[in-house]
Amino acid sequence: MKKQFAHIVLLFSLAACTNKAAQKPVWVNETPLLSFPKDSMMFTAKGKNWEASLQTFTQPVLLKIKFTGNGFVLSSQNKYGITEGTALLTLSNKKQKFFYPLNLQNNSFGEITDKDYRSPKTVNPDSGLAQHRMLHTIDEWRNIMNTPQQLEPFYEDIIQLNSVAGTYRAQKDKALSSFYIQPGSAMAVPVNSVYNKEENVYVVTAGPLKDKHNNTVANGTIVAFIYSDDKQTYRMEAALLNGLAAVKIPPEKNKQYRLMAKINQTASQQITLQP
Amino acid sequence: MIRLLFIALIGITITLLFLQGRLNERRGEQPVFFRNDNIAEAHQAKINVSIHSLYKPDSVQLEVLKKDYSNLWAHLNHLYETNEVEAGKEYYTEDWFKQINHHYIGTLKTGIKRKDVLHELHIINWSLDGLVCTVSDSNLVFQYQYPNNSFRTSKANLQMVLLYQGNHWRIDAIRLKNETFQD
């Protein structure tokens, strides 16, 4: 009998050793809109087996927990902002979890970045001077912002660029925002020749070559010099440099050459090479 | 004596070479075209697209966007559940990846799973070169599963900036306009 009684007492003691379910902590300074990472959250709770995380719209974030006499205080682990919007605060005590829905707003925008995307990046005036522009603004934590000038966060338009060839920046301090206006094709090919007595050559020069907006045609553009006498046709090529290209043609005794310079289908007037 | 010194010298040299070889062992991350994206492959959601931009994507570009958008959400949901930042880096821009790493101190399983069921994707802007896209996703339906196996559905409205880099559209920024839970 005594033994049985002792066994019963032992059984009851074992049952008493099992853990009681934790009570849901009370959020003392509960707020529907939490300013992150500035605001801290105060809870009254029993025990010290608590872990806390903030389930943001993007990712779960572990919170720092500081135990006080009657509970604990939660705060951010670092100073970085977060994806704003709906969130869920999770308090865990071993296997139990308690949830507190809330909304998150960053305490500061951090470094705000204005984005200005242009396309095409390289504009050729032969095709036109129109460029597509897209604008929006992002805070440091990758939240899209509404700028004061516009009600909607996204803006696009088509702008007309100026016709002067060169490298430009959509945003002054950002090299990555550079875009390029190329010179276009030559409108006309002026050509002239000079006979150099010392070298006994005709120095034939094409240029200065300009596009329709008066930009100097791009360096490296190939100019073909086609010249003929009564029997044969010859061809020489030279690349443009600063709008000019030149070739030296040796004269033949008693022969006259008729010469024309061409860039693709744009041709000069015919000139006669004679000393 | 000299023989012993000689043997010791050879032994040290061999040990050094062996250690150098071990140190040079690569971590072994496979290139992206060898990897299988199980997370994206397992993902299914209905995506309806409408276009409001000045320049419009062609049908091939649209299909690529839809596929990458679906894969992106697979990884965003995985990130939501586990805080595993590396799995989806093919679908994150560098700035987005840096931001999520600010809050990464290891994976963290809260036990809450999110599934995106339906998207109404509105293309707000599409760049002429097809490399930048801004979208609004309205009536986005989410299903949440909690650790106690309960479920909740929500409807959300959000905006996103996507950049085409490498082989994929990548998330660069987001704005959750609202999310309403349906109890």
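Q: Are D116(A) and R118(A) buried or exposed?
A: Both D116(A) and R118(A) are buried, a label given under 20% relative accessible area, with exposed meaning over 50% and partly exposed the range in between (1.4 Å probe, protein chains only). A word on the basis: this is a predicted model, where local features need pLDDT of at least 70, side-chain atom pairs count only at pLDDT 80 or more, and totals for chains, interfaces and linings use all residues. Residues are numbered from 1 along each chain as its sequence is written, chains are lettered from A and ligands numbered from 1 in the order in which they are written, and side-chain values use heavy atoms, leaving out hydrogens and water.

Q: What makes D116(A) and R118(A) a salt bridge?
A: The rule asks for a side-chain nitrogen of Lys or Arg within 4 Å of a carboxyl oxygen of Asp or Glu. In this pair the closest N and O atoms are 2.8 Å apart, so the rule is met.

Q: How many salt bridges does this rule give over all chains?
A: The count comes to twelve.

Q: Why is R142(A) called buried?
A: Its relative accessibility is 6%, and the limit for buried is under 20%, so R142(A) qualifies.

Q: Which residue forms a salt bridge with R142(A), and where do the partners lie?
A: The partner is D95(B), with the closest N and O atoms 3.8 Å apart. The pair crosses between chains, from the loop between β11 (130-138) and β12 (144-145) of chain A to helix α4 (residues 94-102) of chain B. Helices (H or I, at least four residues) and strands (E, at least two) are DSSP runs, numbered from the N terminus. A network of salt bridges links R142(A), D95(B) and D172(B).

Q: Why is D95(B) called partly exposed?
A: D95(B) has a relative accessible area of 32%, which is between the two limits and therefore earns that label.

Q: What makes E94(B) exposed and K98(B) partly exposed?
A: E94(B) is at 56%, and K98(B) has a relative accessible area of 46%. Exposed needs over 50%, so E94(B) gets that label and K98(B) does not. These two form a salt bridge as well, with closest N and O atoms 3.5 Å apart, and sit four residues apart in helix α4 of chain B, about one turn of the helix.

Q: How do you know that Q55(A) is buried?
A: The relative accessible area of Q55(A) is 1%, so the label follows from the under 20% limit. Q55(A) belongs to strand β4 (residues 50-55) of chain A.
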